[in-house]
Amino acid sequence: MKLTVHADSPRNSLAQSLVVGLEGPRATPAELELVAKEGLGGVIHFRRNLGSPREVWELNDSLHRAARAAGRPPLFVMVDQEGGSVVRLKAPFTEGPDLRDLGRSGDARLLRQHGVRVGAELVAAGFNWNLAPVMDVHAVEGGIMARRSLGSDPILVGELGVAYLQGLQATGCLGCAKHFPGLGRTTLDTHRERPRVELSAADLQAVELVPFRRAAQAGAAGIMVCHAVFTALDPQRPASLSPLVAGDLLRRDLGYEGLVLSDDLEMGAVAADLDPAEAAVRAYLAGCDLLLICHQAGYALEALDRLTALAEQGEISLERIQATASRLARAKGALPPPPADTRSLKKILAIA
């Protein structure tokens, strides 16, 4: 399906860059308006939103219907279903194992099969994007990604991560390599604070960037940029807000052509000294295509107003808006249609 890019409507195009979290297990009328009236590009679900398989499908179906009825592009419906320590959907959905345990197998075929299984479940439930796999290289004692990483060998992490991505995307579910340029050698959690990664550019090239380069070459639908400061790349700004990282390094040096996502802009690493709406503006200006605001959707509307004003003032070029809009339209045009009912979901999960 080919989607129209509204080059004459900067606000419509900019709205497609915003992804928001919802309050509970049912979309409220106000939340449905974010999709229909405001035309936001996507939603992301957490445990607070997800009940039984039937309830999950009903939530997603209501959101897809709202976008379709308003004549909007297909909606990105995202979830973090990494496995093990980070899962939003509980049994009978596949909950585990941790990527660490899958990585220990060293078996790319196993990773691909796992990606296919998880992707098929998500698509049947009305999702179209799994924000996985983690492709950080766990290479420091006490590292924050110990359970979530595929291992300490950057080449193997790249191989296994790409296998998982390919399995996931073979089902029609988009995948996302994260957390660029790599959180595997930090012990601090960006949910709470802002790490400073004091590695040289050569160190980063030798370890952290290896898996992400593989993911970029293999056609990962998305790469998520983290909120840590990498002093060798940009000593002043978090990676997600830095044109030197989200723009120059990822787009130019790695040659990545897919969608660049910010991590959640309400995390402590940025929200401690920057309101999420302003962080979203800076992330867009840095080169992010999708801006995640995972808790208070009002910040997304504030960001949209600010971005639209900057576009009207000529501070964001129409060429920049068009480039992101084209990438989003290309990705959305390839999405599978949302499931019309729960029959395939029941079959995959083996439930009545």
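**Reading a predicted model: strands, cis bonds and one odd phi**

Tutor: Start with one pair of residues. The bridge partner of V225 in β9 is S262. Keep in mind that this is a predicted model.

Student: What makes β7 and β9 a pair of strands?

Tutor: Count the bridges. Two strands pair if there are at least two bridges between them. β7, residues 222-225, and β9 have four bridges. Therefore they count as paired. The sense is parallel.

Student: Which way do the residues of β9 point?

Tutor: β9 spans residues 259-262. L259 and L261 point one way. V260 and S262 point the other way. All of these are buried.

Student: What does buried mean for them?

Tutor: The cut-off is under 20% relative accessible area. The four residues of β9 are called buried, so each falls under that value.

Student: Why is A350 called exposed?

Tutor: Exposed means over 50%. A350 has 68% relative accessibility, so it counts as exposed. A350 lies in the segment after α14, residues 343-349.

Student: What is unusual about the phi of A350?

Tutor: Most residues other than glycine have a negative phi. A350 is not a glycine, yet its phi is positive, about 55 degrees.

Student: Where are the cis peptide bonds to P92 and P97?

Tutor: P92 is in the loop between β3 (76-79) and α4 (99-105). P97 is in the loop between β3 and α4 too. Most peptide bonds are trans. The bond joining A91 and P92 is cis, with omega about 15 degrees. The bond from G96 to P97 is also cis, with omega near 0 degrees.

Note on methods
Residues numbered from 1 in each chain as written. Predicted model: local features only at pLDDT ≥ 70, side-chain atom pairs only at ≥ 80, totals over all residues. Heavy atoms only, no water. Buried < 20%, exposed > 50% of the residue type's maximum accessible area, 1.4 Å probe, protein only. Helix = DSSP H or I, 4+ residues; strand = E, 2+ residues; numbered from the N terminus.
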